[in-house]
Every structure is written in structure tokens, then in C-alpha cells.
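Biologist: I am new to this structure and would like a close look at one part of it, the strands and what they pair with. Could you then set that part beside the rest of the chain?

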Amino acid sequence: MKSNIRDIILRIIEFREITGISIDEMAEYLHITSEQYRAYENGDADIPASMLCEIAHKFNVDLSLLLTGKDTKMHIFSVTRKNQGVIVNRRKEYKYENLAFNLTHKKAEPFIVTVDPREDGTRPSDNSHLGQEFIYVLEGVLKVYINNNEIILNEGDSMFFDSTYEHAMEALEGKKAKFLDLLV
């Protein structure tokens, strides 16, 4: 199942308007400027996955409802078969597959993230968000930039970090990298 960022944005706007929450209130809740929040709603800036989680929390809905427009159904467990997660097309640098899109009341959001190698040689853009993040490299070599550090992770390596610090990931050696990403 694929989820288009424009559809996600339209659902966010609809929820915000239905709940009577202003752009300024959303920005304050998310600890960002009103201009940054407007850029998200206008589609001028990429919305970090963790920010989508915070937005869903503000509206008291599961992230799945924002991603797919469908409410979650599973209360005890969720099984996602290989390559059957919800694909979220939101940033050109990363491809996200949500692995627990149909479980209600999750305390964390698990994704498989694929990073293609950069052809232009520039550093990927940083992002930061509330919470913590755990990554486990499944395939390839990944460089993680965080708080003026550069860490190289190979297949089987993992990293747990405070995601309020600016961070970015880059695939190395001219090959894609794939990792399990758990947003807490």
C-alpha cells in the first residue's frame, strides 16, 4: 500500500481544521516555528516521520489514519508480511515502509527505511524531532551524521540516539542502504 505525501497533508489539514487547532498552536506543540509548520502543510518542506507521529498524537489518532486514511483495527498484535507495509513517499532522500500500520495505541513506530546513494556528493539534509530513535542496518553501509559526529554503520550494526539532535543518514559505497528504524 502506498501513501502519497499530498494525501497525508490534506488529512492533517482536515484534522487540524476539524479540531479547531490553529497553525500557531500546532507549531507551538511541535516546538517549531509557524513558518516551518506552514511549509509542511504547503508541501514546501518534508515532514519528518517522527513529526508525523507527534501530529497524530496531537489529534489523538493512530499514525496509520494519517498515512492511509483508514483507521487501525488490530488491538493485540499486528503482522506485516514482507514488502506489505505502508510505503510513505515523503522525502526523496529516504523511502519509508511502516511495519505496524494497523495496530492501535502503539508506543513506537517501526519502519524499514531505504536510502539510495547520493549522486551529487552533497551531505543529506539534517532533521531533528522529539523522542529517541533506534536504527539497525539490514543492508549496505550507512553513515549517520549526528551532533557534529559521523558514524559508519555496517550490516548488523545498530545505533540508539536522542533524535532531538540534528541528524541525517547517507548510503555509502555507491549502494543503497536499508535499515530498521524505530521511532520512540
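What follows is one connected answer, which begins with the whole protein, turns to the strands and ends with the helices.

Modeller: The model is a predicted one, and every statement below should be read with that in mind. The protein has five helices and ten strands, and 46% of its 184 residues count as buried. If we take the contacts between residues at least 6 apart in sequence, 63% of them join residues at least 24 apart.

For the close look, a good place to begin is strand S10, residues 177–183, which has two faces of unlike character: Ala177, Phe179, Asp181 and Leu183 make up the covered face, while Lys178, Leu180 and Leu182 make up the uncovered one. Strand S10 pairs with strand S4 in the antiparallel sense, over seven bridges, and in this pairing Glu109 has Leu183 of S10 as its bridge partner. Strand S10 also pairs with strand S5, again in the antiparallel sense, over six bridges, and there Tyr136 stands opposite Leu180 of S10. Of the two residues of S10 just named as partners, Leu183 belongs to the covered face and Leu180 to the uncovered one. In general terms, strands of a sheet pair through backbone hydrogen bonds, either parallel or antiparallel.

Following strand S4, residues 109–115, away from S10 leads to strand S3, residues 94–98, to which S4 is joined by five bridges, with the two strands running antiparallel. Within this pairing the bridge partner of Tyr94 is Val115 in S4. Strand S3 is itself mostly covered, since four of its five residues are buried. A single residue of S4 shows how these strands come together: Thr114 lies in strand S4 and has a relative accessible area of 13%, so it is buried, the limit being under 20%. Leaving aside residues up to four places away in sequence, Thr114 touches Glu93, Tyr94 and Lys95, and also Lys176, Ala177 and Lys178. Among these contacts, Tyr94 is the residue whose bridge partner is Val115, and Ala177 and Lys178 belong to the covered and the uncovered face of S10 respectively.

A separate group of strands forms an open sheet of three in the order S7-S6-S9, with antiparallel pairing. Its edge strands are S7, residues 149–153, and S9, residues 167–171, each of which pairs on one side only. Direction ignored, neighbouring strands of this sheet are turned against each other by 20° on average. Strand S6, residues 142–146, is joined to S7 by five bridges, and the two run antiparallel; Tyr145 stands opposite Glu150 in S7.

Ring contacts give a link from the strands back to the helices. A pair of aromatic rings is described by the distance of the centres and the angle of the planes. Two aromatic pairs are counted in this model. In one of them the rings of Phe15 and Phe59 have centres 5.5 Å apart and planes at 25°, and since planes under 30 degrees apart count as stacked, the pair is stacked. Phe15 lies in helix H1, whereas Phe59 lies in the loop between helix H4 (49–58) and helix H5 (63–68), so this pair ties together parts that are 44 residues apart in sequence. Phe59 has a relative accessible area of 7% and is buried. In the other pair, the rings of Phe134 and Phe160 have centres 6.3 Å apart and planes at 45°, so the pair is tilted. Phe134 lies in strand S5, residues 132–139, and Phe160 in strand S8, residues 158–162, so here the parts tied together are 26 residues apart in sequence. Phe134 counts as partly exposed, at 24% relative accessibility.

Helix H4, which comes before the loop of Phe59, has seven of its ten residues buried, so it is largely enclosed by the rest of the structure. The buried residues of H4 are Ala49, Ser50, Met51, Leu52, Cys53, Ile55 and Ala56. Just after H4, Asn60 takes a positive phi of about 60°.

Finally, helix H1 (residues 5–19) packs against helix H3 (residues 34–42) at an angle of about 125°, with axes 8 Å apart, and this makes H1 oblique to H3. On the H1 side the contact is made by Arg6, Ile9, Ile12, Ile13 and Arg16, and on the H3 side by Tyr37, Tyr40, Glu41 and Asn42. Sorted by class, this contact of H1 with H3 has five nonpolar, one polar and three charged residues.

Conventions: Residues numbered from 1 in each chain as written. Predicted model: local features only at pLDDT ≥ 70, side-chain atom pairs only at ≥ 80, totals over all residues. Heavy atoms only, no water. Axes fitted to C-alpha atoms, helices over the stretch in contact; angles between N-to-C directions. Parallel < 35°, antiparallel > 145°, perpendicular 65-115°, else oblique. Contact = heavy atoms within 4.5 Å. Nonpolar A, V, L, I, M, F, W, Y, C, P; charged D, E, K, R; others polar. Phe/Tyr/Trp six-rings, centres within 6.5 Å; stacked < 30°, edge-to-face > 60°. Buried < 20%, exposed > 50% of the residue type's maximum accessible area, 1.4 Å probe, protein only. Pairing = 2+ DSSP bridges.
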